[in-house]
Amino acid sequence: MRWIAFFALLIAMAAGLAWYGLQARWFTEPVWPYLHLAKSAVLVAIAALVTGLLGRLAAGIACGQLGWQRRLRERAGAEPDEPLREVTWAHWALVSMIWVAIPLALLEQWGLGAVSEQAIERLLNSGIRIGDIHLVPGQMLLGAVVFFALVTLFRWLAHRLETTWLARTPLDASLRESVATLFGYAAFVIAVLVGLAIGGVDLTKFAIIAGALGVGIGFGLQNIVNNFVSGLILLFERPIRTGDFIEVNGTEGYVRKVRIRATEIETLNRQHVIVPNSDLLSNHVTNWMLRDTYGRITVGVGVAYGSDTALVQRLLLQAAEEHPLVLGSDQNLAPKPLVWFSNFGDSSLDFELKCHVRDVTKRYLIASELRFAIDQAFRAHDVTIPFPQRDINLRASAQFDQLVAAIGQRLENNSTKS
């Protein structure tokens, strides 16, 4: 409201100055230049005010500060923490148009209308020549505006395609996301080509750029092209999908986004790791959720020698069957839990409890809860979990025996004298 009130005050001041300027011209001519200067200052102030308002509006929409701004972001298909770049681009385009129009308006106001018309003609039609390059700023600005509008439109269409239109089909969520992602990249290329064509760029000259790009690919851009092609393969073949729990190069976590160049993985420590797509195709990748969420875990435990092994087996199976996330023998989804007598260890009899779980992403939690249950069961039935023990045998030499005898004789002589 303060900005609106200030804007209304400036308009009132400009109108008053114009009226008093007309009145003053009837009586005295020397006052007229000062009124021109005042009106020019008011015009610049209005432009600065509008620029500030556009900046605040763009920042609010880009971050989603107010309710209607958040709803606008949702309709545009922006993520909650993702800045809306189209708004930033549109903001700078509008600001550029304002501050290009302000000098032309000032020239017109100071009686230099011919100069202003020539500048407008050069900006919109004739343009500027730099050697063989012909630049028309008006066409370039129009091409930029069309590009921003098309990018915003295609972004909204991609969001609607994924969340609404494809949601009514039997396609799964990962395939819908792949289709929407490919549509977004293809639409972005179309927007770039249309914007360049409207901006006056001759697309036939892109053959030279393509040739230079081919040379660049041959020398230093192989990695980028490899990641790009790998991203296309991942989107079409879909061995890794959004939401899968994978492990690659020692990093494990959830796949949050498969992009055209890299894939975003969120670890269990909520760290976001950006993995190039070429690594996902050239290295061994463990996808725990490619077919389903079931998986098997192994919990190892050792008991003291002389323990009742049949009792140990029964207690381990009981701990597994009582856990709600472990698939038991009454379900046909996976094999029932089993206990392996794995080895005669140095200090213990080693057992392994192997069982299938409903959600393999919770395997660390389930394994920890099974260990708690096993410890309580062993304590209740007096089953001992030993700690490592070592027997040390000392072999004394003849010199060592003589030294011990001499020390003993010395101690005996001292006690006799005392």
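Angles between helix axes under 35 degrees count as roughly parallel, over 145 as roughly antiparallel, 65 to 115 as roughly perpendicular and the rest as oblique. In this predicted model, local features need pLDDT of at least 70 and side-chain atom pairs count only at pLDDT 80 or more, while totals for chains, interfaces and linings use all residues. Residues are numbered from 1 along each chain as its sequence is written, and side-chain values use heavy atoms, with hydrogens and water left out.

The helices α11 and α12 pack at an angle of about 140 degrees, with their axes 9 Å apart, and are therefore oblique to each other. In α11, V312, L315, L316, A319 and A320 meet L370, A373, I374, A377 and F378 of α12, where contact means heavy atoms within 4.5 Å. By class, this contact of α11 with α12 has ten nonpolar, no polar and no charged residues.

The largest nonpolar core has 24 residues, and L316, F351, L353 and F378 are those with the most contacts inside it. Such a core is a set of buried (under 20% relative accessible area) Ala, Val, Leu, Ile, Met, Phe, Trp, Tyr and Cys residues joined through side-chain atoms within 4.5 Å. Each element in the table supplies at least two residues of the largest core.

| Element | Residues |
|---|---|
| β8 | 295-303 |
| α11 | 309-321 |
| β10 | 349-357 |
| α12 | 363-380 |

Not counting residues up to four places away in sequence, L316 touches V301, V339, F351, L353, I374 and F378. Apart from the largest core lies another, of eleven residues, including I240, V255, I260 and L280.

Conventions. Buried < 20%, exposed > 50% of the residue type's maximum accessible area, 1.4 Å probe, protein only. Helix = DSSP H or I, 4+ residues; strand = E, 2+ residues; numbered from the N terminus. Axes fitted to C-alpha atoms, helices over the stretch in contact; angles between N-to-C directions. Nonpolar A, V, L, I, M, F, W, Y, C, P; charged D, E, K, R; others polar.
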